[in-house]
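User: Hi! I have a structure to look at and I'm new to this. Could you walk me through it?

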Amino acid sequence: MPLTPEQQKEAMRRIAAARSEPGSPIACPACGADGLQIIDRSARPHAQWYALTCPACGLAETLHIPMGSSVHTLD
Ligand SMILES: [Zn+2]
């Protein structure tokens, strides 16, 4: 099931938090369980891509963050 826009915003917040605290567990934006896995597939400086997978609920989402607009919320 795809993430809702609200869940995508939550996911972006959690990615930002994970970047400032590497190694800390990340809660899934869909089911709330710890253990969300984030793979940074970004092609900087053009875009940021994050592949999100959650073993608890089976979430498999790719977040695409275009550079230059909402990216400021991550930095
Ligand atoms: Zn989940």
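User: Where is the confidence lowest and where is it highest in the chain?

Analyst: Among the elements of the chain, the mean is lowest in strand 3 (residues 60–66), at 87, and highest in strand 1 (residues 37–40), at 91. Those numbers are pLDDT, the predictor's confidence in each residue, from 0 to 100. Strands here are DSSP runs of E with at least two residues, helices are runs of H or I with at least four, and both are numbered from the N terminus.

User: And the chain as a whole?

Analyst: The average pLDDT of the chain is 85, and 87% of the residues score at least 70. Keep in mind that this is a predicted model: local features need pLDDT of at least 70, side-chain atom pairs count only at pLDDT 80 or more, and totals for chains, interfaces and linings use all residues. Residue numbers start from 1 along each chain as its sequence is written.

User: Good to know. Which elements are there, and in what order?

Analyst: The chain has one helix and three strands. Read from the N terminus, they run α-β-β-β.

User: How do the strands fit together?

Analyst: They form an open sheet in the order 1-2-3, with antiparallel pairing. Strand 1 and strand 3 are the edge strands, as each pairs on one side only. From one strand to the next, the twist averages 20 degrees. Two strands count as paired if DSSP finds at least two bridges between them.

User: What holds paired strands together in general?

Analyst: Strands of a sheet pair through backbone hydrogen bonds, either parallel or antiparallel.

User: How many bridges link strand 1 and strand 2?

Analyst: Four, between strand 1 and strand 2 (residues 47–53). You can look for Q37 opposite T53, I38 opposite L52, and D40 with Y50 as its bridge partner. A hairpin of six residues joins strand 1 to strand 2.

User: What about strand 2 and strand 3?

Analyst: Strand 2 and strand 3 pair over seven bridges, again in the antiparallel sense. A51 stands opposite T62, and A47 has P66 as its bridge partner. This hairpin has six residues between its strands, and G58 in the turn has a positive phi of about 85 degrees.

User: Where does the helix go?

Analyst: Helix 1 packs on the sheet and touches strand 1, strand 2 and strand 3. Its direction makes about 80 degrees with that of strand 3. For such angles, axes are lines fitted to C-alpha atoms (for helices over the stretch in contact), and the values run from 0 to 180 degrees between N-to-C directions.

User: Is there a core? Which residues are in it?

Analyst: The largest nonpolar core has eight residues: A11, I15, C28, A30, L36, L52, C54 and L59. A nonpolar core means buried Ala, Val, Leu, Ile, Met, Phe, Trp, Tyr and Cys residues joined through C-beta atoms within 7 Å. A residue is buried if 20 or more other C-beta atoms lie within 10 Å of its own, exposed if 12 or fewer, and partly exposed in between, with C-beta atoms placed from the backbone. Of the 75 residues of the chain, 13% count as buried.

User: How many of the residues in strand 3 are buried?

Analyst: Zero of its seven residues, so strand 3 is hardly covered, going by the buried cut-off.

User: Why is L59 called buried?

Analyst: Because L59 has 21 C-beta neighbours inside 10 Å. L59 sits in the loop between strand 2 and strand 3. Leaving aside neighbours within four places in sequence, L59 is in contact with C28, A30, L52, T53 and C54. Contact means that the C-beta atoms of two residues, placed from the backbone, lie within 7 Å.

User: And C31, is that buried or exposed?

Analyst: In between: C31 counts as partly exposed because it has 13 C-beta neighbours inside 10 Å. C31 lies in the loop between helix 1 (5–20) and strand 1. Not counting residues up to four places away in sequence, C31 touches C54, A56 and C57.

User: How far apart are C31 and C57?

Analyst: They are 26 residues apart in sequence and 6.5 Å apart in space, C-alpha to C-alpha.
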